[in-house]
Amino acid sequence: HYTHKVSRILEVEIMPWQAAPPLIIIGGAFAVAGAGLTGIDYLTYGKKKEFSYDKWSHFMNYRDDKLQQEAAALQKAISKQTAEEKAQFDEFRKEFNKLKAEWAEEQAKSA
């Protein structure tokens, strides 16, 4: 049994260094197991595992998914509408430039 004399009165028992590697290996095994389980959950579900996942959480996730789908559909409709408006504006610009050119020609003839 190993002791270390701190003073004349107090002797403290110390752990022998030979016990450190097994404890480090055991601690490392626990750490690797925890990280491995987290990694498996992430690979399986695409996200970290949720704790205390109940019906309420399930319905809230369902609601969020539906809202995201509706938002994506709305964004698509807006972009389509924007493209149509851009096409109308381009057509209007062509017409305006055509009328502007005709007006300039008339002004040049009358001058």
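**Close-up views of a predicted model**

**View 1. Ile26 and the nonpolar patch on helix H1.** Ile26 is partly exposed, with 47% of relative accessible area, and this residue belongs to helix H1. In this predicted model, Ile26 joins Leu23 and Phe30 in making a nonpolar surface patch of about 350 Å². A general point about helices helps in reading this view: an α-helix has 3.6 residues a turn, so residues three or four places apart point the same way.

**View 2. Helix H1 from end to end.** How far apart are the end C-alpha atoms of H1? They are 38 Å apart, which agrees with the 38 Å that the 26 residues of H1 should span at 1.5 Å a residue. Helix H1 covers residues 20-45 and has the highest mean pLDDT among the elements of the protein chain, at 94, whereas strand E1, residues 3-5, has the lowest, at 61.

**View 3. Thr44 and Gly46, in and just after helix H1.** Thr44 has its place in helix H1, and with a relative accessible area of 52% this residue is exposed. The side chain of Thr44 nevertheless has a partner in the backbone, for it reaches the backbone oxygen of Ile40 at 2.7 Å. Just after H1 comes Gly46, which takes a positive phi of about 80°.

**View 4. The salt bridge of Lys47 and Glu50.** Side chains of opposite charge can pair when their charged atoms come close. Here Lys47 forms a salt bridge with Glu50, and the closest N and O atoms of the pair are 3.5 Å apart. Are these two residues buried or exposed? Lys47 is partly exposed, with a relative accessible area of 41%, and Glu50 also counts as partly exposed, at 34% relative accessibility.

**View 5. The salt bridge of Arg63 and Asp64.** In this view the side chains of Arg63 and Asp64 meet in a salt bridge, with a distance of 2.8 Å from N to O. Arg63 has a relative accessible area of 42% and is therefore partly exposed, and Asp64, with a relative accessible area of 29%, is partly exposed as well.

**View 6. The salt bridge of Lys86 and Asp90 in helix H2.** Asp90 forms a salt bridge with Lys86, and the closest N and O atoms are 3.7 Å apart, which lies within the 4 Å that a salt bridge allows. How are the two residues placed along the helix? Both lie in helix H2, residues 55-110, and because they are four residues apart there, about one helical turn separates them. Asp90 counts as partly exposed, at 28% relative accessibility, whereas Lys86 is exposed, with a relative accessible area of 55%. By the rule used here, the count of salt bridges comes to three.

**View 7. The protein chain as a setting for the close-ups.** The secondary structure of the protein chain comes to two helices and two strands, and from the N terminus on these elements run β-β-α-α. Buried residues make up 2% of the 111 residues in the chain, and the chain exposes about 10800 Å², of which carbon and sulfur atoms supply 63%. As for the confidence of the prediction, the mean pLDDT of the protein chain is 86, and 86% of its residues reach 70 or more.

Notes. Residues numbered from 1 in each chain as written. Heavy atoms only, no water. Buried < 20%, exposed > 50% of the residue type's maximum accessible area, 1.4 Å probe, protein only. pLDDT = per-residue confidence, 0-100. Patch = residues over 30% accessible without salt bridge, like charges linked within 9 Å, V, L, I, M, F, W, Y side chains within 5 Å. Areas by Shrake-Rupley, 256 points an atom, 1.4 Å probe, with all protein chains shown as cover. Expected span 1.5 Å × (residues − 1). Polar contact = N/O pair within 3.5 Å; in protein donor to acceptor, adjacent residues only side chain to side chain.
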